[in-house]
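User: Got a protein model here that I'd like to talk through before I head back to the bench. Can you take me through it in plain terms?

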Amino acid sequence: MFSKILIANRGEIALRVIRACREMGISTVAVHSTADADAMHVRLADESVCIGPPAGVQSYLNVANVISACEVTGAEAIHPGYGFLSENAAFVQALEDHGITFIGPTSEHISTMGDKITAKDTMKKLGVPCVPGSDGGVPTVEEARVIAADMGYPVIIKATAGGGGRGMKLARTADDLDAAFSGARTEAKAAFGNDEVYIEKYLEKPRHIEVQVFGDGKGRAVHLGERDCSLQRRHQKVLEEAPSPVIDAETRARIGKTCADAVAKINYIGAGTIEFLFEDNEFYFIEMNTRLQVEHPVTEAVFDVDLVQEQIRVAAGEEMQFHQEDLTPNGHSIEVRINAEKLPEFRPSPGTITAYHAPGGLGVRMDSAIYQGYRIPPYYDSLIGKLIVHAETRETALARLSRALSELIVDGVDTTTPLFEALLEEPDIQTGNYTIHWLERWLEGQTAGD
């Protein structure tokens with residue numbers, strides 16, 4: 001087992017990893033930018049190293065500085081959290097070259113799944129159902145017209161190197177295609193430095209379902225059910241729950257086995273998430289995230305596991321602590337992402353926290369790195385906390401979430417807490433009757449009603 005781990009991240013996820021390490025008796029190293037000198041993950045780690053100025057590209061994304069921090073402190077391994085360098089194959093290769101263990105999959109697996117065309121082709125070969133679409137990148141709008149006409153409208157143009165909803169444009173008819181194609185390429189080039197795009201059939205009323213998988217790197221893998229992440233704004237998840245209100249036990253077992261078998265065949269190591277669009281009881285693969293997800297706590301609650309500790313164990317060469325037959329879901333869990341944003345524009349709201357009180361009680365978990373007096377910097381993602389509840393039933397979980405939201409106090413900045421209080425009053429949310437388009441349409445209705 002490792003004696004010292006460096007956490008190459010910040011905020012609540014860095015704190016989450018520090019806590020897991022402390023319970024395992026492992027020393028931790030926090031890295032931070034100058035803007036994060038007073039951050040909670042810096043305060044609670046055993047050691048800390050400043051790796052650059054506020055801008056992420058000069059600090060948290062600075063591979064040379066992160067590796068130097070590892071060497072200076074004698075850390076044997078790096079946990080990347082999510083975001084930043086967590087899915088950077090070149091970073092993982094650099095760690096391998098320096099004899100530092102990356103707590104996550106291999107650089108080869110990250111590279112394969114990081115390109116959406118390669119990932120889709122790989123998953124097809126592994127027996128995972130995929131969305132109908134082009135066989136690869138589509139270089140010209142003329143080819144796009146032929147493919148779209150054959151497939152049938154509507155279609156969606158996507159960046160091969162895409163993520164976070166960038167480089168995605170919808171074409172409902174042939175008249176929309178040229179603008180969608182050029183728009184997706186322009187956006188992809190600006191966001192990822194790569195303007196290659198591909199085409200998929202656009203599903204009208206899908207849900208976003210993701211399956212949590214975990215492999216030991218030696219040909220054994222398990223699944224830990226699914227999470228429903230259909231409540232989204234601009235392709236960004238807002239609320240996640242497990243299990244999905246629309247997936248039955250038989251369907252869960254079927255798609256879970258398909259995913260576990262797929263990652264076992266490629267000797268995948270660590271945590272990963274296979275994401276699908278789900279419509280008319282059919283699954284369509286869209287991407288695989290080769291890292292821990294923001295919403296991993298709902299899976300931990302339902303299956304009573306610690307995914308971070310398990311990541312560390314298998315990265316150290318130890319055996320996975322659970323087999324598929326050990327993993328039985330229990331109850332229902334919901335997570336909401338509390339962002340420092342001003343509604344209804346969702347404009348970032350950095351500033352100083354003047355008062356903070358985290359909700360508590362049975363079945364309530366608050367993952368956050370803020371504290372009274374903490375200044376939220378303007379340089380990073382606006383996520384400041386994740387409120388997670390767990391209960392025996394979905395109905396009870398919703399009631400518990402409502403109660404927990406009423407207890408949460410974050411003064412000094414605007415937050416998205418009122419959004420969730422309003423959503424919990426909606427009949428569609430109470431019954432689980434929503435798709436990936438539901439929230440944006442609801443928000444449009446709220447704005448129109450003002």
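Analyst: Sure. When I say two residues touch, I mean that they have heavy atoms within 4.5 Å of each other. Bear in mind that this is a predicted model.

User: Good. Which residues does V141 touch, leaving out those up to four places away in sequence?

Analyst: V141 sits in helix α7. Its relative accessibility is 17%, and buried means under 20%, so V141 counts as buried. Once residues up to four places away in sequence are set aside, the residues V141 touches are D178 and F181.

User: And how far apart are the C-alpha atoms of V141 and D115?

Analyst: Along the chain, V141 and D115 are 26 residues apart. In space, their C-alpha atoms are separated by 21 Å.

User: Let's zoom out. How many helices and strands are there in the protein, and how does its radius of gyration fit the globule rule?

Analyst: The protein has 15 helices and 22 strands. For 450 residues the globule rule gives 22 Å, and the protein comes close to that, so it is as compact as a globular protein of that length. Its C-alpha trace spans about 60 × 55 × 45 Å along the principal axes. The radius of gyration itself is 21 Å.

User: What share of the residues is buried, and what share of the contacts with a separation of 6 or more is between residues 24 or more positions apart?

Analyst: Of the 450 residues, 56% are buried. As for contacts with a separation of 6 or more, the share from residues 24 or more positions apart is 66%.

User: What about the surface: how much of it belongs to carbon and sulfur atoms?

Analyst: The accessible surface of the protein adds up to about 18100 Å². The part of it belonging to carbon and sulfur atoms is 48%.

User: How far apart are the centres of the positive and negative side chains?

Analyst: There are 42 positive side chains and 66 negative ones in the protein. Take the centre of each set, and the distance between the two is 1 Å.

User: Now helix α1. What is the distance between its end C-alpha atoms, and what span should it have?

Analyst: Helix α1 covers residues 11-23, which is 13 residues. At 1.5 Å a residue it should span 18 Å, and the model agrees with that, since the end C-alpha atoms are 19 Å apart.

User: Is α1 enclosed or open, and which of its residues are buried?

Analyst: Ten of its 13 residues are buried, so α1 is largely enclosed by the rest of the structure. After the helix comes G25, with a positive phi near 75°. The buried residues of α1 are G11, E12, I13, A14, L15, R16, V17, I18, A20 and C21.

User: Which residues does V308 touch, not counting those up to four places away in sequence?

Analyst: V308 is in helix α11, and with a relative accessible area of 0% it is buried. Leaving out residues up to four places away in sequence, V308 touches R16, V17, A20, H79, L292, H296 and E300.

User: And L231: what separates its C-alpha atom from that of T435?

Analyst: L231 lies in strand β10 (residues 221-233) and counts as buried at 1% relative accessibility. Among the residues it touches are I429, Y434, W438 and L439. L231 and T435 are 204 residues apart along the chain, yet their C-alpha atoms are separated by 7.0 Å.

User: Where are the cis peptide bonds that involve P154 and P344?

Analyst: Most peptide bonds are trans. P154 is in the loop between α7 and β6, and P344 is in the loop between β15 and β16. The cis bond at P344 comes from L343, with omega near 5°. The one at P154, with omega about 0°, joins it to Y153.

User: Last one: N281 and D304 have positive phi although neither is a glycine. Is each of them exposed or partly exposed?

Analyst: N281, with phi of about 65°, is in the loop between β12 and β13. D304, with phi of about 55°, is in the loop between α10 and α11. At 42% relative accessibility N281 counts as partly exposed, while D304, at 70%, counts as exposed.

Terms used. Residues numbered from 1 in each chain as written. Predicted model: local features only at pLDDT ≥ 70, side-chain atom pairs only at ≥ 80, totals over all residues. Heavy atoms only, no water. Helix = DSSP H or I, 4+ residues; strand = E, 2+ residues; numbered from the N terminus. Rg over C-alpha atoms; globule rule 2.2 N^0.38 Å. Buried < 20%, exposed > 50% of the residue type's maximum accessible area, 1.4 Å probe, protein only. Areas by Shrake-Rupley, 256 points an atom, 1.4 Å probe, with all protein chains shown as cover. Lys, Arg positive; Asp, Glu negative; His and termini not counted. Charge placed at Lys NZ, Arg CZ, Asp CG, Glu CD. Expected span 1.5 Å × (residues − 1).
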